[in-house]
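Here are some short exercises to work through with the model open in your viewer. Try each task before reading its solution.

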Amino acid sequence: MNDPSIPPLIDRHTHLEGGLDPVWVRREAERRGLGLPASLEALWSGQAQPFEGFIEAFLFGAALLDSREAVREAVLAVARRTKASGGSGFDLWASPHFLVVHRGQISLDAFWRGLEEGLADAETLGLRACVVLDAVNHFGPLHGHSLLNLTLPDLPPFVKGFSTGGLEGCPFRDWAPVFDRARAAGLRIAAHAGENGAGSNVREAILDGGVVRIVHGLRADDATFELLAERRIPVDVCPSSNHALAADVHPHPLPRMLRLGVRCALGTDDPGLIPCDLGSESRAAAMMGLDELALARLRQNGAEDAWCLQD
Ligand SMILES: [Zn+2]
C-alpha cells in the first residue's frame, strides 16, 4: 500500500527522444544497417561528451522515431524506467516540429497516435504523464511559431506545456511573442536556461519571457535564485545530465538553490543517452550533502509542481 503521507515520486523532466531504451536502439540500428556513433557509445559507457557529441547521439536516436510504433516504444521506455525506479509519473518533453517538419520523417498524426498509445501504456502501468512541446531555442522564434502553427489547430489534451531547449542562442525577449501565443492557447511555459548558456538567461527567461518553469538553471547567480524562490518558480534539476554536459559547473548548485528556497525537483533529462533513473538522481543529490529533509523537499516539490499531476 502507498503511504498517503509520502508524495508521489515524479520524473519532472525527461525527453522522448533522449529516453530511448539502449537495447531497442541497438536492435533498430542493426535492423536498419546503421553504425552507432562513437559519441553515443561513449555516453552509454559514462564518458562526458562535448555538447556537440551529445547532440549527435540525441539526433541518432531521434532519427529512429519515424513511425507510430517507434514513438509508442519511446514513451514506453520512459514509462518502464520510471516505474522500475519507483516513480508514479513523468513530464515528457517532445519535439514534434523537429521530427515532422524539420526532418520530415513522420506524419503529425502518426506522432500523436504513437504518443497517445504510449501514454495509455504508461497509464496501464499506473503512471501519470503529460507532454511538453519542446522548441529549439537556437532555431529562433520563427521556428517557435512554426511549431505552434503545426500543433495548435488540433492539440491533444495530454499536451500541457511549451518549452525551449537546444542551445541557448536566442534571447528570451525575442521568444516572448511565441510564449504569449502558447500561453493564450492554454499552455504553461518553461525554458531550458542557464545550462549551456549564461546564468543571466535564467533571469531573462523569467522577466523578458514570462517563463513559469526553468529547466536546469545551473549557472544563475544567488540574486536570480532568490528571484526564483520569491516567485515560487519550479526548477527541474538533472544531476547526471549536468555532470555529463555541464561538468564545469562544480560544485553543483543544488544545495545552494534549496538553501535559498528555490523549488527544485529532480528529473532524468536524457536517460537513454546518459544512463540514469530517479534512484540514481536521488543518490547523486544525497552525494551533494543533502540531508533527508532536503531530499524529501525535492520529492515534495516534484509532486506539487508536476504538470502531469495538474489539470
Ligand atoms: Zn532537457
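**Exercise 1.** In which sense do strand 5 and strand 6 pair, and over how many bridges?

*Solution.* Keep in mind that you are looking at a predicted model. Start by locating strand 5 at residues 188-193 and strand 6 at residues 213-216. Following the pairing between them, you find the parallel sense, over 4 bridges. To check the register, look at alanine 190, which stands opposite arginine 213 in strand 6. Finally, find what lies across this pair: helix 9 (residues 200-207) lies across strand 5 and strand 6, running at about 165° to strand 5.

**Exercise 2.** Move on to strand 7 and work out which way its residues point.

*Solution.* Begin with the partner: strand 6 and strand 7 pair in the parallel sense over 2 bridges. Here isoleucine 214 stands opposite valine 235 in strand 7. Next, sort the residues of strand 7 (residues 234-237): Pro234 and Asp236 point one way, while Val235 and Val237 point the other way. Such a pattern has a simple background: in a regular strand, side chains alternate between the two faces of the sheet. As for burial, all of these strand 7 residues are buried.

**Exercise 3.** Write down the strand order of the open sheet and name its edge strands.

*Solution.* The sheet has 8 strands in the order 1-2-3-4-5-6-7-8, with parallel pairing. Now look for strands that pair on one side only: these are strand 1 (10-15) and strand 8 (263-266), the edges. For the twist, ignore direction and average over neighbouring strands of this sheet, which gives 25°.

**Exercise 4.** Classify the packing of helix 7 against helix 8.

*Solution.* Take helix 7 (residues 141-151) and helix 8 (residues 172-184): their axes are 9 Å apart, at an angle of about 10°. Angles under 35 degrees count as roughly parallel, so helix 7 and helix 8 are roughly parallel to each other. On the helix 7 side, the contact is made by Pro141, Gly144, His145 and Leu148. Helix 8 contributes Asp174, Trp175, Pro177, Val178, Arg181 and Ala182. Sorting the residues of this contact by type gives 6 nonpolar, 2 polar and 2 charged.

**Exercise 5.** Decide how the compactness of the whole chain compares with a globular protein of that length.

*Solution.* First, the inventory: 14 helices and 8 strands. The radius of gyration is 18 Å, close to the 19 Å from the globule rule for 311 residues, so the chain is as compact as a globular protein of that length. On burial, 51% of the 311 residues count as buried.

Conventions
Residues numbered from 1 in each chain as written. Predicted model: local features only at pLDDT ≥ 70, side-chain atom pairs only at ≥ 80, totals over all residues. Axes fitted to C-alpha atoms, helices over the stretch in contact; angles between N-to-C directions. Parallel < 35°, antiparallel > 145°, perpendicular 65-115°, else oblique. Contact = placed C-beta atoms within 7 Å. Nonpolar A, V, L, I, M, F, W, Y, C, P; charged D, E, K, R; others polar. Pairing = 2+ DSSP bridges. Rg over C-alpha atoms; globule rule 2.2 N^0.38 Å. Buried ≥ 20, exposed ≤ 12 C-beta atoms within 10 Å, placed from the backbone.
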